[in-house]
Amino acid sequence: QSVSECLTAVCIVARMQWESRWSCTKVNAASTLKHYTEEKQAPEIEGLTVDTGLEPAGPTSSSSRFQVDLVAEAASAADKTPSTDSTLASGDKATPEGPEPAAGGEAKGRFRVVNFMDPSGASPPEVVPAEGFQNGDTVMSEGSLHSSTGGQHHYHYDTHTNTYYLRTFGHNTIDAVPNIDFYRQSAAPLGDKLIRPTLSELHDELDKEPFEDGFANGDELSPAEEAAAKEAAEPKGAVKFGWIKGVLVRCMLNIWGVMLFIRMSWIVGQAGIVLSCVIVLMATVVTTITGLSTSAIATNGFVRGGGAYYLISRSLGPEFGGSIGLIFAFANAVAVAMYVVGFAETVVELLGVSHPILPHDEINDIRIIGTITIILLLGISMAGMEWEAKAQIFLLVVLITAIFNYFIGSFIPLKSKESQGFFGYDSAIMMENMGPDFRGTESFFSVFAIFFPAATGILAGANISGDLSDPQLAIPRGTLLAILITGIVYLGVAISTGSCIVRDATGNGNDTLSAQFMANCTDAACKFGYDFSYCKGDDGQYNCRYGLQNDFQVMSIVSGFSPIITAGIFSATLSSALASLVSAPKVFQALCKDNIYPGLEMFAKGYGKNNEPLRGYILTFCIALAFILIAQLNVIAPIISNFFLASYALINFSVFHASLANSPGWRPSFKFYNMWVSLAGAVLCCVVMFVINWWAALMTNVIVMGLYIYVSYKKPDVNWGSSTQALTYHQALTHSLHLSSVEDHIKNFRPQCLVMTGYPNSRPALLHLVHAFTKNVGLMICGHVRTGSRRPNFKDLSNDQTRYQRWLLKNETKAFYTPVFADDMRQGTQYLLQAAGLGRLRPNTLVIGYKSDWRDGDMMNVETYIHMIHDAFDFQYGSVVFRLKEGLDVSHISEQDDLLSSQEKTSGMKDVVVSIDMKDSDGDSSKPLSKATTLFCHTDKSPQRLNVADQRLLDASQLFKRKQGKGTVDVWWLFDDGGLTLLIPYLLTNKKKWKDCKIRVFIGGKINRIDHDRRAMATLLSKFRIDFSDINVLGDINTKPKKENVTAFEEMIEPYRLKEDDMEQDTAEAQKASEPWRITDNELELYRAKTNRQIRLNELLKEHSSTANLIVMSMPLARKGAVSSALYMSWLETLSKDLPPLLLVRGNHQSVLTFYS
């Protein structure tokens, strides 16, 4: 049996070698049997023990990525005290200090990956705590165990240094089963992020290093993600609240604020019972829809601190989030003032009743009491969330007691209270108070504006989302239940007060009716023998102190024990003020942490175990104190209504927007929402804003839009996966598909260029020139063909694509970077010509730089270069060749671009695209660079002095980035290619940088028809609606060129001639086959006239266009298979040498211009 078990262990070793990337490990069967038998017989060793029969095979780090040890497991799975296993470098058996529990009831002799072999030679971690086992799949490192218990430190799980994998489905493989820790962000309050095995680890060949750079799976953190990681790492001892204490209590206290006891009765007096209920229901509808939307957003992923700001910014993006977050924090700060003023009003009124002889000024008294109150509240807030939460619970108990006290008192009418307007429930009073009685400047909407801030407490729980233990559960449950309970109470108070209290009362018990006046009295009070008719004076003003309209403290009169109502008022106002005083700094802190507004970082700092924003508390205190000095509740309340409504509108719009975008990431677990209801809620909030106060609504919208524009302009470096991104993608996809269903039309033609730039910053002049006429007009794709002798590293290719796309965006270049791997330059260009683009957004013009070093290198590169042009025509592309006499490629110049600072090109890589645009003086960057070679060196020292050629090259590379002065763009439209030669300069001169340049047109013609040809061209250009400054007809194109220029051409082509007349026919054919670029005598004679034309054109160009800012010229064509590459290249060289910047253009001979409407 022991032998069979040993052989089973050996088989497992073989299986492991086949299944994973672990290197072969030689196992001695006899040694394994001996050690295994000793372990079986040793009674003191139980649990997991390390077999020393295995030794890591292979001398190099690359040959063995993992250290594999054979593990024997005890049959029993009884709970034992965990012990530590030590893996010794010498291979000696490690003696456990104590027993270990078996990891399940699996068979003995399994394998476990103890540690990845560290290529640096660092010793592996020696302790693997048993507590780290997670479902038998993944063992967390020591760092994760500490961090997951709330430690302050964050440990990144780098798979090649400190990650352990156990069995998957009982088999020894590093492939991991689904685990929540793989899907976390870099750090989270609920646990640590683990990194799953990378695709390279599971898929690459054994001799390939999977960890050549960066993070596994490309999980490199952006600055914003690092900030979020720091925010998420919760310190030990942080106080967390459940849904009742954290959300329900806070929302109820905030909603039952100052309005419940000292304004609700006044609202009923003004609006009547019916309209008061309408006001409450309108506010409840708005808050309920917003509550549903808040619940949907809050359950669509983990919610951190920041409340409304966090919800909106993560849904709609930083632009909306940053703008609304600032005004929402400000609104909460002003709300503190509103609640404190309400509290101070009550205190002043009580002082006036109890000490009527004391001299006092009501406004100044409110200011003094309010200032003292907010100082005390500030002290409670800065003491910490735990103290604040305890205070909230106490205040809620007092508040609920006061509410019950009122309702109980409303059923106990007393004779002593009748003179103050309280007669108990009566139908006559109810009917009298049923309708509205607006007095002064009040109206339905002004009364609604005063009441609505009472409904703004629904986000009190969400605002401290970072302090909730489970925001996804707490926010929906607590918020919606609070809206329901408080709505019912508000309706009950409205109906109750309107049914038992009259609008006006004198408070004088002697104001009774005699029998003779009883018949003429129609007021409800007359039924009870009171005459309050003289409350209304002859001037129409009311001068009584009691009743719904006049006494803000009327609920104290109705209550069973009035001091409890006073305590309730204190509780309601102070609790709401306290909640807002906590909410505003928390929201503002979250805003500052995201660094949306530079300069506010100082308020992001938190203190203590709960990361309290003490600086934010001070700022909120100052804002609230400023508004407390207004000392008028009815003035302060409408100010914040619009700010809160703007926040609610955006929360509702967020849900609609996310649903409309139909992003797969929009999966809220709260299902009771509807996108159209949310949209209706957003519209309703906007309508209510203008109804309450139209100028305040306009001001709010202007502020929001101003902040939105500012944040959009600053472009913060954040990516939160907002619905704006999702909708943009959705619209782009929809429009692309719709565009593909429509045939192209000449009027809509635009040059869509595939520009062979290599790395985008390698050829700035080429990039800037093409971008000048494609920006906001057509598509621009920066193509890059990468070739090399080694196997392609597609991960590097993907990283480069991301890196250089960011570079293009950073430099405000509207283009796409598309690199490909290919065997050679031509093949890669063919890939791009066929596959670049999407639908109608595909290139139609190939743009390449002129190969200025063509005579220095291998002529097969010239063959490849010329065939790229032929391939473009075969694919029905237009072709453009750009020549700058200084050259194009600046990649060899050190420190020319910070992006490539300290970046290396790997061994064996060859950037063939670079070789296109090199001059003789340029370094050949197409040659392989060693791994130690740094392409660009970035040091703190001043840049080294460049030679003259490089300095000129660097200056010329920026030629088209700056504004062009007054000059000309000379268009040599010699052959009709469909109009592309004319369209490009027209688009160019329409741009701001080129608007001072005039178009001059040069055409070929006959000496005796110059005027006719000029008029014909002028007519054509006017029909095309293209402005021009001059038309020149060249009648001497076919004149013989100068003899010295012909001689220079012949000397240039001499090394590339085949000279077949001087050799045997077979030898000539063989040489032509091996060197297809050679020029035959027959070919040279056949195209003698065309050769002379190119030489003559160069002479004319120097004569007429030597001072032009840019020359755009028809590119000569060479018949494929008939003209050799060397001859065609010689034509291009002769035509374009010693000239200003030159574009050789040849369209695909399909019309791109039309004069029809």
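The paragraphs below lead through a predicted model, beginning with its nonpolar cores and ending with single residues.

A reader who is new to this structure may begin with its largest nonpolar core, which has 153 residues. Within this core, the residues with the most contacts are Trp256, Phe261, Phe451 and Tyr490, and Tyr490 is a name worth keeping in mind, since it returns further on. The element that gives the most to this core is helix α10, which spans residues 318–354 and contributes 17 residues. Apart from this core lies another one, of 59 residues, and among its members are Ile848, Ile1095, Met1115 and Ala1118.

From the cores one can turn to a pair of helices, α8, which runs over residues 264–298, and α16, which runs over residues 471–500. Their axes come within 9 Å of each other and cross at roughly 170 degrees. Angles over 145 degrees count as roughly antiparallel, and α8 and α16 are therefore roughly antiparallel to each other. When the residues in the contact of α8 with α16 are sorted by class, 17 are nonpolar and 14 are polar, while no charged residues take part.

The same two helices lead on to the cavities of the model. The structure holds 12 cavities of 30 Å³ or more, and the largest of them has a volume of about 90 Å³. This largest cavity is lined by 13 residues, of which Ile255, Thr284, Ala455, Thr486 and Tyr490 are the closest to its centre. Tyr490 thus appears in this lining as well as among the residues with the most contacts inside the largest nonpolar core. Helices α8 and α16 each supply at least two residues of the lining. By class, the lining of the largest cavity divides into nine nonpolar and four polar residues, with no charged residue among them.

Two loop residues can be considered next, for the sake of their backbone angles. Asn776 is found in the loop between α25, residues 764–774, and β10, residues 780–788. The phi angle of Asn776 is near 60 degrees, which is a positive value in a residue other than glycine. With a relative accessible area of 57%, Asn776 is exposed, because the term applies to values over 50%. Glu812, in turn, is found in the loop between α26, residues 794–810, and β11, residues 816–821. The phi angle of Glu812 is near 55 degrees, again a positive value in a residue other than glycine, and Glu812 counts as exposed at 65% relative accessibility.

Other residues show how positions along the chain relate to positions in space. Met1113 lies in strand β18, which covers residues 1110–1114, and at 0% relative accessibility Met1113 counts as buried, since buried means under 20%. Met1113 and Thr981 are 132 residues apart in sequence, yet in space they are 6.8 Å apart, taken from C-alpha to C-alpha. Gln392 lies in helix α12, residues 385–410, and is buried, with a relative accessible area of 1%. Along the chain, Gln392 and Lys245 are 147 residues apart, while their C-alpha atoms are separated by 8.6 Å.

Two further residues can be set beside these, each paired with a partner along the chain. Asp361 is found in the loop between α10 and α11, the latter covering residues 362–382, and α10 is the helix that gives the most to the largest nonpolar core. At 41% relative accessibility Asp361 counts as partly exposed, because this value falls between the 20% and 50% limits. Asp361 and Val348 are 13 residues apart along the chain, and their C-alpha atoms are separated by 9.5 Å. Met1017, finally, is found in helix α31, residues 1010–1024, and counts as buried at 12% relative accessibility. Between Met1017 and Asn1032, which are 15 residues apart along the chain, the C-alpha atoms are separated by 9.7 Å.

Technical notes. Residues are numbered from 1 along each chain as its sequence is written. This is a predicted model: local features need pLDDT of at least 70, side-chain atom pairs count only at pLDDT 80 or more; totals for chains, interfaces and linings use all residues. Side-chain values use heavy atoms; hydrogens and water are left out. A nonpolar core is a set of buried Ala, Val, Leu, Ile, Met, Phe, Trp, Tyr and Cys residues joined through side-chain atoms within 4.5 Å. Buried means under 20% relative accessible area, exposed over 50%, partly exposed in between (1.4 Å probe, protein chains only). Helices (H or I, at least four residues) and strands (E, at least two) are DSSP runs, numbered from the N terminus. Axes are lines fitted to C-alpha atoms, for helices over the stretch in contact, and angles run from 0 to 180 degrees between N-to-C directions. Angles under 35 degrees count as roughly parallel, over 145 as roughly antiparallel, 65 to 115 as roughly perpendicular and the rest as oblique. Ala, Val, Leu, Ile, Met, Phe, Trp, Tyr, Cys and Pro count as nonpolar, Asp, Glu, Lys and Arg as charged, and the others, Gly among them, as polar. On a 1 Å grid over the protein atoms alone, a cavity is a set of points where a 1.4 Å probe fits but cannot get out, and a pocket is an open set with protein on both sides within 12 Å along at least five of seven lines; lining residues have an atom within 4 Å of a point. Grid points are joined across faces, edges and corners, and a volume is the space filled by probe spheres set on the points.
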